[in-house]
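Colleague: Thanks for making time for this. Could we go through the labels on this model together and see what each one rests on?

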Amino acid sequence: MLLRRFYDTKLAQASYLIGCAATGEAIVVDANRDVAQYLHAADAEGLRISHVTETHIHADFVSGSRELAERSGGLLLLSGEGGPDWSYAFAESAKALLLHDGDTFMVGNLRFQVMHTPGHTPEHLTFVVTDTPATDQPIGAITGDFIFAGDVGRPDLLEKAAHVVGTMDASARALFHSLQRFKQLPDHIQLWPGHGAGSACGKALGAMPSTTLGYEKIANWGLQLTTEDEFVAAVLAGQPEPPRYFAEMKRINKEGPRVLGGLPHPALVADAMLGDIIARGDLVIDTRGSAAFAARHVPGTINIPLDKSFSTWAGWFIPFDRDFYLIAGDDGEAAIAEAARDLAMIGLDRVAGYFEPGVIDAWEKSGREVWTIAQMSPAEVARHLAAGDVAVLDVRGQSEWMTGHLPGVHNTPAGYIADDIARLPTDRPLVLHCQGGGRSSIAASVLRARGVANVVNMSGGFAAWAAHGTPVEVERPLAGV
């Protein structure tokens, strides 16, 4: 048996190639949209991808299963569980075989047992793997978004992200019973989860790439709770805000992802075109670092730095239904290729073109205005806040805000900042802060582009505020800004 893990750090997402060396057959589980990586890996190992499957209808990235099955010729296997509301609309046209609880299938000499493990989603499957030439005991399980290292899949996404009202409690109870059933498997089996630390599909995911069921029984809070009501309360508490794009991912992956035939390659646009593009209201994303953007940027552009959080914030602020443009960082074309791949991973395929980083210089040399975003230290914020001549808004997640925040300062998570523009104070400077300065920089750029002129970023964020020994409050959230 051969197992190869692929990990996308920006999505905190894992997919797996599992092959039988004796027969040369292989399966890919939970492929993302960069399907070439699986084809190349299989070829390098002398394997043929004979099967393609996934654990569930994903909410945080566009599935590559459909395209990989087409390009490899492998049989597409999809969940047939979850009922009509959570069935794959494209399964028949893709000639997919539907899987149900208790089914088994072979990939060469490897046996895959299908377990229906609802809770995170109604149709979720877990695949228990046995290397039959070695033993009749399972070696491991691909758990998708069911069990992670140190955490379990969140059951609130159907309600919070897909807006299926009234499903959180029932999903949490289904998850509890799935866990109790799964715990009956042998402690020795390895667990290969679908996400790692940083994913919004749970609240406390560990960074270990794999674990064992026995270890999770003693280290994972979700497997330790044995009372259903206690588990439901715990699993629904403190979950982070799901990114806005999750609802779109559910729709795309259920209806059938578009086959790309390769990752997109945006075209270079002449610097002189930027003014016309902004004038007609097209969105332009500046991918440079936050410090460079704050120091000087083209009016109307917003800043999403090309870092490990790029995909997440792009999904919050870039619409799926129209074209948009990018401004490259210092790495130029290489950075744009990386950004285009990251955007394709979450279905943002409409990159109409990109500008080289020198477009900022060209814009300024033409005599046009450049904008800046002012920075303020925590000590300065404390002084102005005490004097009442600034307003401060905390743009961290609500659970972060509840554990400690600046005195009298309310909370709007950064992803929702555009929704609150009408309620923001305009009679004095508005200071934004997050934990370290990254999210507040993005939020400040969004407000600046939308006409909030007097917006300031608190450098160093709440971490710097707390390090200076300035007061904090801990209380329940208040409505409004």
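Modeller: Gladly. Let's begin with a term: contact means heavy atoms within 4.5 Å. By that rule, and leaving aside neighbours within four places in sequence, Ile-421 is in contact with Leu-447, Arg-450 and Val-452. Please keep in mind that this is a predicted model.

Colleague: Why is Ile-421 called partly exposed?

Modeller: The relative accessible area of Ile-421 is 23%. Buried means under 20% and exposed means over 50%, so Ile-421 with its 23% falls in between and is partly exposed. Ile-421 sits in the loop between strand S21 (410-411) and strand S22 (430-433).

Colleague: What makes the pair of Phe-176 and Phe-231 tilted?

Modeller: Their ring centres are 5.6 Å apart, with 50° between the planes. Centres within 6.5 Å make a pair, and planes under 30 degrees apart would count as stacked, over 60 as edge-to-face. An angle of 50° fits neither of those, so the pair is tilted.

Colleague: Why do you say that this pair ties together separate parts?

Modeller: Phe-176 belongs to helix H4 (residues 168-182) and Phe-231 to helix H7 (residues 228-236), so the pair ties together parts that are 55 residues apart in sequence. Phe-176 is buried at 6% relative accessibility, and Phe-231 is buried at 0%.

Colleague: And what makes Trp-313 and Trp-316 a stacked pair?

Modeller: Here the centres are 6.3 Å apart and the planes 25° apart. The cut-offs are 6.5 Å for pairing and under 30 degrees for stacking, so the label is stacked. Both residues lie in helix H11 (residues 310-317), 3 residues apart, about one turn of the helix. Together with Phe-317 and Tyr-416, they form one aromatic cluster.

Colleague: How do you know that Lys-254 lies over the face of Trp-86?

Modeller: Lys-254 is at 5.2 Å from the ring centre of Trp-86. The distance limit is 6 Å, and the charge must also be within 35 degrees of the ring normal. The distance is inside that limit, and Lys-254 is listed as lying over the face. The charged end of Lys-203 likewise sits over the ring of Trp-221, 5.1 Å from its centre.

Colleague: Why is the pairing of Asp-349 with Arg-33 called a salt bridge?

Modeller: The closest N and O atoms of Asp-349 and Arg-33 are 2.7 Å apart. The limit is 4 Å, so the pair qualifies as a salt bridge. The pair links distant parts of the chain, 316 residues apart: Asp-349 is in the loop between helix H12 (333-345) and strand S18 (351-355), and Arg-33 in the loop between strand S3 (25-29) and helix H1 (36-44).

Colleague: Are these two partners buried or exposed?

Modeller: Buried means under 20%. Asp-349 has 19% relative accessibility, so Asp-349 counts as buried. Arg-33 is buried as well, at 5%.

Colleague: How many disulfides are there?

Modeller: The count is 0 disulfides. A disulfide calls for two cysteine sulfur atoms within 2.5 Å, so a count of 0 means that no pair meets that cut-off. As for individual cysteines, Cys-201 is buried at 1% and Cys-434 is buried at 2%.

Colleague: Last one: which residues touch the most other members of the largest nonpolar core?

Modeller: Phe-317, Ile-318, Leu-326, Leu-343 and Leu-432 do, in a core of 52 residues. Among the contacts of Leu-343 beyond its sequence neighbours are Phe-310, Ile-318 and Leu-326.

Conventions. Residues numbered from 1 in each chain as written. Predicted model: local features only at pLDDT ≥ 70, side-chain atom pairs only at ≥ 80, totals over all residues. Heavy atoms only, no water. Buried < 20%, exposed > 50% of the residue type's maximum accessible area, 1.4 Å probe, protein only. Core = buried A, V, L, I, M, F, W, Y, C linked by side-chain atoms within 4.5 Å. Phe/Tyr/Trp six-rings, centres within 6.5 Å; stacked < 30°, edge-to-face > 60°. Helix = DSSP H or I, 4+ residues; strand = E, 2+ residues; numbered from the N terminus. Salt bridge = Lys/Arg side-chain N within 4 Å of Asp/Glu carboxyl O.
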